[in-house]
Amino acid sequence: MKKHFIVIIIFAIVNTSLLSSCKKLFNTPDINSNPNAVTDVDLPTLLGGTMLGVSLLHEDTDVRIASIWAGELNGLARAHLGFAQYIVSSQNFTWNPLYPVAGQARLIQTKADALGNKWAKGIGQVLEALVIAKATALYGDVPYTQAFNAVQYPTPVFDKQADIYNALQAVLNDAITNLSSPTGSAYPAKDFIFKGDVKKWRALANSLKARLYLHTGNYAQAISFAQLGISGTDGDALTPHGTGIGVDINQNYDFFAVSRIGDAGFDGAYLPKLMQSRIRSGNTKTDETALYNFYFRTGITTPTSLDANTVDGAFTANAAQPIMTYFETQLILAEAQARSGANDEALAALNRVRAVLAAGTINGKSLPTAGRRYDAYTLTDFSAAGLANPTRAATTQLALLYEIISQRYITLLMQYEAFNDYRRLASAQPVVQLPIALYSGTSKPQRFIYPQTEINTNPNVPKPLPGQFVKTSIFP
C-alpha cells in the first residue's frame, strides 16, 4: 500500500483536455516512490490534474467490470470473458491510480488551506469523496483515515465500510460549507467540469450525499439532499471529450472501437432485453426505441453482433462521460420518496426525468426524434392493470418502484452505480428487483477483490481475504 499513498504527483505540464493521457500522469516512478518530487506544483494545475484522474476513474476497467456484473454489458473475449464468468483474482484489480488520485484531492485541500481558498478546498473535498466512495462501494473495508500519510502510516489500517460512509458524509458537509463561502477562487480555466461554478460543485456535493444515503437506506436524508442536488442537465458533472485518438477520446470509445474490439458487447446482456421488452410492452406513453438505438448498434464487430453505438450514439469518441447527473439525482429522489410512501412526489420526480428524455437530451447528447416518447405518467398507470405495471405488481408503490429502478438501470449505463444498485436492491425494503440473469454459475458477484500488491505489502488487509461472492456490510 505504501507506494499508493504518496500525496505528490508530477504535474509540471498538464493539459486538462488530454483525458486519454491521464493514466500516464498517475503511473510514474516519482508518484509511487518519491515523496519529494515536485511538491511546489501550483494549486490550479493540481486541481486540473486531479480532475483528470477522477474522470479516468469513471471510465476505467473497473467501471466495465461493474457494468458486466450488473448485467448491462457482457464480456465476450479474453479477460472480459473471464469477468463475465465471474472468474477474477487479485491480479485483476489495482488501486493505482485510485489512491494516488485521492491523495491529490487531499493535497488540494492542504494547499487551499494555506491560501485561505475555501472554494478550492471544497472542490478538493468533493473530488476526494468521489474517489473514496467508489473505493469503499466496490471493495468494502478500505484504508481511509490513515491513507494519506505514507511516512507515518506506511501500512494503513482498513476502516470499516460503514465508518467510511459516515466520514464521507462529514467531508461533504464541510465541502458544502466551503463552497457556500462568499469568497474564494475555483480556477475556471482549469476546471473542465464546471468552469469554476461553485454552485454546481455544491449541488454535486449534495447529490453525492443523497447517493450515499440511498446506499445506506436513509431515505429521509436521501430526499433532503437530492432536493438540494443537481437541479437540471446543465448541472450534470460530465467529462468532455474530443476526437483525437490517443489524445482526448472517451475511454469507452477507445475500448469498444480501437484497442479491445470484440472483447465486450451487449449480446447476452440483460439491458437490451429489458429495453426491448419495454418497447414491445404496449405502453402507449413510452417508446424507448430512440434510446435503444442510441446505446446499441447491430453489426459493427460482426454482421449480427449487438455492439456499443460508437458511430452516432452514446459511445462516440467525443461523447461526454457522466460522473453524476440530474437523472440520477431525480431518480434517487423518486426511489427514496416511493420507499417512504410518498407516491405522488416520487411520480413527479420520475416524470421530470421523462420530460428531459422526451426533449431528447441525455448526458449532453441529443436523441433522435423518431422512436422517442416519454409522456407523463399518472398514478393510475401503476394500478394492478395499469399500462406501466408490466409485472402486475400488487400495489401502486411496488409498480412505481419497479419503473423507477428500471429507469435508473437504463440511464446509468456504463456507470459503476448500476452495480451498486444490483447489490443494494437485494435488501432494500420493500424488495423490488430486476430479473437480471446470471452469466455463469449460481452466485452473484458482490465485491471487487483486494489487489495483489496490497495483499503483498500491507499486513492490515482483512483476513480471511473475502472473495468476489462475499457481501459487503453496506449491501447485505
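Let me start with Asp60 and Lys134, whose side chains meet in a salt bridge at 3.0 Å, N to O. By salt bridge I mean a side-chain nitrogen of Lys or Arg within 4 Å of a carboxyl oxygen of Asp or Glu. Asp60 sits in the loop between helix 3 (43-56) and helix 4 (61-69), and Lys134 in helix 7 (residues 118-139), so the pair ties together parts that are 74 residues apart in sequence. Helices (H or I, at least four residues) and strands (E, at least two) are DSSP runs, numbered from the N terminus. Both Asp60 and Lys134 are buried. Buried is under 20% relative accessible area, exposed is over 50%, and partly exposed is in between, with a 1.4 Å probe and protein chains only.

A word on the source. This is a predicted model, in which local features need pLDDT of at least 70 and side-chain atom pairs count only at pLDDT 80 or more, while totals for chains, interfaces and linings use all residues. Residues are numbered from 1 along each chain as its sequence is written, and side-chain values use heavy atoms, with hydrogens and water left out.

Back to the pairs. A search of the whole structure gives 18 salt bridges. One joins Arg297 to Asp312, with the closest N and O atoms 3.4 Å apart. Arg297 is in strand 5 (residues 296-298) and Asp312 in the loop between strand 6 (306-308) and strand 7 (321-324), 15 residues apart. Arg297 has 33% relative accessibility and so counts as partly exposed.

Next, Arg424 and Glu335, which meet at 2.6 Å, N to O. Arg424 belongs to helix 17 (residues 417-424) and Glu335 to helix 14 (residues 326-339), so this salt bridge ties together parts 89 residues apart in sequence. Arg424 is buried at 3% relative accessibility, and Glu335 is buried at 0%. Which residues do shared salt-bridge partners join into one network with these two? They are Arg211, Glu328, Arg339, Arg408, Glu417 and Asp421, alongside Glu335 and Arg424.

Glu417, also in helix 17, is buried, with a relative accessible area of 2%. Beyond its neighbours within four places in sequence, Glu417 is in contact (heavy atoms within 4.5 Å) with Arg211, His215, Glu328, Arg408 and Leu412.

For a surface example, take Leu228, in the loop between helix 10 (219-226) and strand 2 (237-239). At 52% relative accessibility, Leu228 counts as exposed. Neighbours within four places aside, Leu228 is in contact with Ala203 and Asn206. The C-alpha atoms of Leu228 and Ala205 are 9.2 Å apart, with the two positions 23 residues apart in sequence numbering.

Now the whole chain. The protein chain has 18 helices and 10 strands. Its radius of gyration is 21 Å, which agrees with the value near 23 Å for a compact globule of 476 residues. That radius is taken over C-alpha atoms, and the globule rule is 2.2 Å times the number of residues to the power 0.38. Along the principal axes, the C-alpha atoms fill a box of roughly 65 × 50 × 45 Å.

How much of the chain is buried? Buried residues make up 60% of the 476. Of the contacts between residues at least 6 apart in sequence, 73% join residues at least 24 apart.
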